[in-house]
Amino acid sequence: MNIILLGPPGAGKGTQAQKLVDERGMIQLSTGDMLRAARTSGTDMGKRVAEVMDRGDLVTDEIVIGLIEEKLNGDHGGGFIFDGFPRTLPQADALGALLERHGIKLDAVIELQVDDDALVARIVNRAKEAAAAGQPVRADDNEDSLKVRLLAYYKQTAPLIGYYHAKGNLTSLDGMGSMEEVEAAIGGVLG
Ligand code: AMP
């Protein structure tokens, strides 16, 4: 199975992707994680995207499409989970072309629906928990960046819901339940 997890920041995409990796041997392709890794290792690209990411804006389509393209050349494992990609219509078109070229079928696009208030609370909580555990807090997990990230989601990413609905790929799930409830709902879609 190859799936896209769609939803605003804090919807639980990363958490659910990790479960699918552990339980189904799927491969998580998170462009956010790849970009953070590029920053940590100090590559030129990492340096170029740092400011944009910290502000909460999207990096260019070209950069993230390139990152995904590299991964599709590797092992396909138990299928791919696209987490945080695509985030714009040009990225969605590019992914469609890439999948076709690699002979990979997109089985489902799963949208996690969560109230805005819950998103803010989840992200503030994620930052608090990281700090309490002595882990680094994401530079974009603060109120100002979160506003920009939510706006970017509604303006640039939410149109993908209609895009995939029209293609007949979309399943929208209630992302407000517990981690286990959402996991079960995703399991129901994947079969
Ligand atoms: P995430 O970890 O998915 O919340 O992503 C963190 C940040 O990385 C985003 O706020 C963007 O700045 C950048 N980013 C991640 N994925 C993409 C993408 N598909 N397109 C553009 N920017 C992205």
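Here are a few friendly notes on this predicted model, from its sheet to its ligand.

1. Ground rules. Residues are numbered from 1 along each chain as its sequence is written, and side-chain values use heavy atoms, without hydrogens and water. In this predicted model, local features need pLDDT of at least 70 and side-chain atom pairs count only at pLDDT 80 or more, while totals for chains, interfaces and linings use all residues.

2. The sheet. Five strands (DSSP E runs of at least two residues, numbered from the N terminus) form an open sheet with parallel pairing, in the order β2-β3-β1-β4-β5. Pairing requires at least two DSSP bridges between two strands. β2 (27-30) and β5 (170-174) are at the edges with a single partner strand each, so one side of each has no neighbour in the sheet.

3. A strand pair. β2 and β3 (residues 80-83) are parallel partners over four bridges. Look for Ile27, which stands opposite Phe80 in β3.

4. The ligand. Which residues come nearest to the ligand? Of the 16 residues around it (a heavy atom within 4 Å), they are Thr31, Arg36, Asp57, Gly84 and Gln91.

5. Polar contacts of the ligand (pairs of N or O atoms within 3.5 Å). A polar side-chain atom of Thr31 is 2.8 Å from a ligand nitrogen atom. Polar backbone atoms also take part: one of Gly84 lies 3.0 Å from a nitrogen atom of the ligand, and one of Val59 lies 3.1 Å from a ligand nitrogen atom. The protein buries 96% of the 480 Å² that the ligand exposes when taken alone (accessible areas by the Shrake-Rupley method, 1.4 Å probe).

Key: A polar contact is a pair of N or O atoms within 3.5 Å; within protein, one must be able to donate a hydrogen and the other to accept it, and residues adjacent in sequence count only if both atoms are side-chain atoms.
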